[in-house]
Amino acid sequence: MPSPHHRQPPLSRRGFLLASAGAGAALALASVPARAAGAPRPFGRYGSPAARLTPKTLYVDQGGRGDFATVQAAVNAATSAGHTLVLAPGVYRETVVVGVVDPATGGRTEAASELTLIGASENPRDVVIVHDNAAGTQKPDGSGTYGTSGSATTLVRADGFTARWVTFANDWLRADHPGVSGTQAVAIKVQGDRSAFHHCRFLGHQDTLYADSFALTVFARQYFSHCYVEGDVDFVFGRASAVYDQCHFRTLNRTDLATAPYGFVFAPSTAGANPLGYLVTRSRVSSEAPDAYYKLARPWVPSSDTTARPSLTVRDTWLGPGIDAVAPYANMSDSFPWQNQRFAEYRNAGPGAEITVPENRPQLTAAQAESATRAAYLGDWTPWKEDC
């Protein structure tokens, strides 16, 4: 059982902005390397353009010591499967799209499949991919707003994607845009099958981490290990079959609301035909907000799929006092009450896990819990065995 104090809490997004850009520019991350341009070995133990680990290893560095200065340029150069992109420390202010759709067939191409992103310093605070579009942001060409999916800083539409030691962020803030009603601002949207993230950070407010699939009938498996995710409204959401293993979820304080709830950690939208939605295991949920000001989850049944049956199991996880222990679940729409969905818990601990109203906290039996494992959710794919 994870202890709530087993390690120092990761630097919050606000703290990160201050630390990375300086107190005078807390909300404007500069596109400059996080370390001095003359620092030796910008790619750490992962080689360099002069000592390439493999022919398919590409190097990204804003200081000119790599093959490319932007992440997207390196992704574009990965025209066949199996490339590795090594990112030197820096704040990469850009949007990134991995994988494309063939307009003729509607299917994915092989380009950029089995792609791996590695933060060279092996510290996710050093390598940051960030942008600031929201759903309500107007597109530069005047064709309308981005919408939720279009707001994503990073979009992964290829299978077999892996990231290690990278921060994915969206630093759009409500306070800076009081006239914008579309406040969803996605840090990353992941649609590919076999998408794995190890020791990564996901920073945003509303809709931070969109763990989804390529299409309604496609069941995409995703794995998040030792990751940190923060936000406020539905900040982990989508229809993927996703396992969150030993992750830390942190709910943010809000000054724009006077009463609870401030938001919801999970908002799965699992397809009705998919038996496996989100599994949270051996993790923890902490908060900057007052006690009981957050719900653990609410079901998202999108208008595009009213047959969805959101699925979430949280087990062996520490829930801090920020979670409303009396009523940890809520409806997104009264037409689809949470009690009719697939929500369950097992052996959770902490003040937010206290069972005071049993009917509000459905629990797995020991027999049911035997099927709520990462192996059961991910099948023949075992990303936890990958060398990190």
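## Briefing: strands, cores and ring pairs

The side chains of Arg52 and Asp67 meet in a polar contact of 2.8 Å. That pair is one detail of a predicted model, whose protein chain has five helices and 25 strands. Of the 388 residues in the chain, 53% are buried. Here's a quick tour, topic by topic.

**The chain as a whole**

- Take the contacts in the protein chain with a separation of 6 or more: 74% of them are between residues 24 or more positions apart.
- The protein chain exposes about 15,300 Å², and carbon and sulfur atoms supply 53% of that area.

**Arg52 and its surroundings**

- Arg52, the residue we opened with, sits in the loop between α1 (13-21) and β1 (57-60).
- With a relative accessible area of 32%, Arg52 is partly exposed; the cut-offs are under 20% for buried and over 50% for exposed, so 32% lands in between.
- Leaving out residues up to four places away in sequence, Arg52 touches Thr57, Leu58, Tyr59 and Asp67. Asp67 is also the partner in the polar contact.

**The eight-strand sheet**

- Eight strands line up as an open sheet, in the order β3-β6-β9-β12-β15-β18-β21-β24, and the pairing is parallel.
- The edges belong to β3 (90-93) and β24 (318-319). Each has a single partner strand, so one side of each has no neighbour in the sheet.
- Inside that order, β12 (residues 201-203) and β15 (residues 228-231) run parallel and are joined by three bridges. Arg201 stands opposite Tyr228 in β15.
- Strand β18 (residues 248-251) is home to His248. Buried or exposed? His248 is buried, at a relative accessible area of 0%.
- His248 also has a polar contact, side chain to side chain, with Arg284 at 3.2 Å.

**Strand β17 and its partners**

- β17 (residues 241-245) is mostly covered, with five of its five residues buried.
- Ser241, Val243 and Asp245 point one way from β17, while Ala242 and Tyr244 point the other way. Both groups are buried.
- One partner is β14 (residues 221-225), which runs parallel to β17 and is joined to it by five bridges. Here Arg221 stands opposite Ser241.
- Another partner is β20 (residues 278-281), paired with β17 in the parallel sense over four bridges. Val243 stands opposite Leu279 in that strand.

**A buried threonine**

- Thr162 is in strand β8 (residues 162-164) and counts as buried, at 7% relative accessibility.
- Not counting residues up to four places away in sequence, Thr162 touches Leu115, Thr116, Leu117, Ala196, His198 and Glu386.

**Nonpolar cores**

- As background, nonpolar side chains in soluble globular proteins tend to be buried together.
- Which members of the largest nonpolar core touch the most other members? Among its 65 residues, they are Leu87, Phe197, Phe202, Phe224, Tyr244, Phe249 and Phe266.
- Apart from that core lies another one, of 12 residues, including Ala196, Leu279, Tyr346 and Leu364.
- Phe249, from the largest core, has a long contact list once neighbours within four places in sequence are set aside: Val229, Phe235, Val236, Tyr244, Val265, Phe266, Val280, Ser283, Arg284, Val285 and Ser286.
- Some names come back here: Ala196 touches Thr162, and Leu279 stands opposite Val243.

**Aromatic pairs**

- How many aromatic pairs does the structure hold? There are 20.
- Phe197 and Phe224 make a stacked pair, 5.0 Å centre to centre with 5° between the planes.
- Phe197 lies in strand β11 (residues 195-198) and Phe224 in strand β14, so this pair ties together parts that are 27 residues apart in sequence. Phe197 and Phe224 are both buried.
- The ring centres of Tyr329 and Trp338 are 5.0 Å apart and the planes are at 35°, so this pair is tilted. Tyr329 and Trp338 are both buried as well.
- Ring pairs also link up into a cluster made of Phe161, Phe168, Phe197, Phe202, Phe224, Tyr244, Phe249, Phe266 and Tyr278.
- Several cluster members, including Phe197, Phe224 and Phe249, are also on the list of residues that touch the most other members of the largest nonpolar core.

Terms used:
Residues are numbered from 1 along each chain as its sequence is written. This is a predicted model: local features need pLDDT of at least 70, side-chain atom pairs count only at pLDDT 80 or more; totals for chains, interfaces and linings use all residues. Side-chain values use heavy atoms; hydrogens and water are left out. Helices (H or I, at least four residues) and strands (E, at least two) are DSSP runs, numbered from the N terminus. Buried means under 20% relative accessible area, exposed over 50%, partly exposed in between (1.4 Å probe, protein chains only). Contact means heavy atoms within 4.5 Å. Accessible areas come from the Shrake-Rupley method with a 1.4 Å probe; for residues, only the protein chains shown count as cover. A polar contact is a pair of N or O atoms within 3.5 Å; within protein, one must be able to donate a hydrogen and the other to accept it, and residues adjacent in sequence count only if both atoms are side-chain atoms. A nonpolar core is a set of buried Ala, Val, Leu, Ile, Met, Phe, Trp, Tyr and Cys residues joined through side-chain atoms within 4.5 Å. Two strands pair if DSSP finds at least two bridges between them. Rings of Phe, Tyr and Trp (its six-membered ring) pair if their centres lie within 6.5 Å; planes under 30 degrees apart count as stacked, over 60 as edge-to-face and the rest as tilted.
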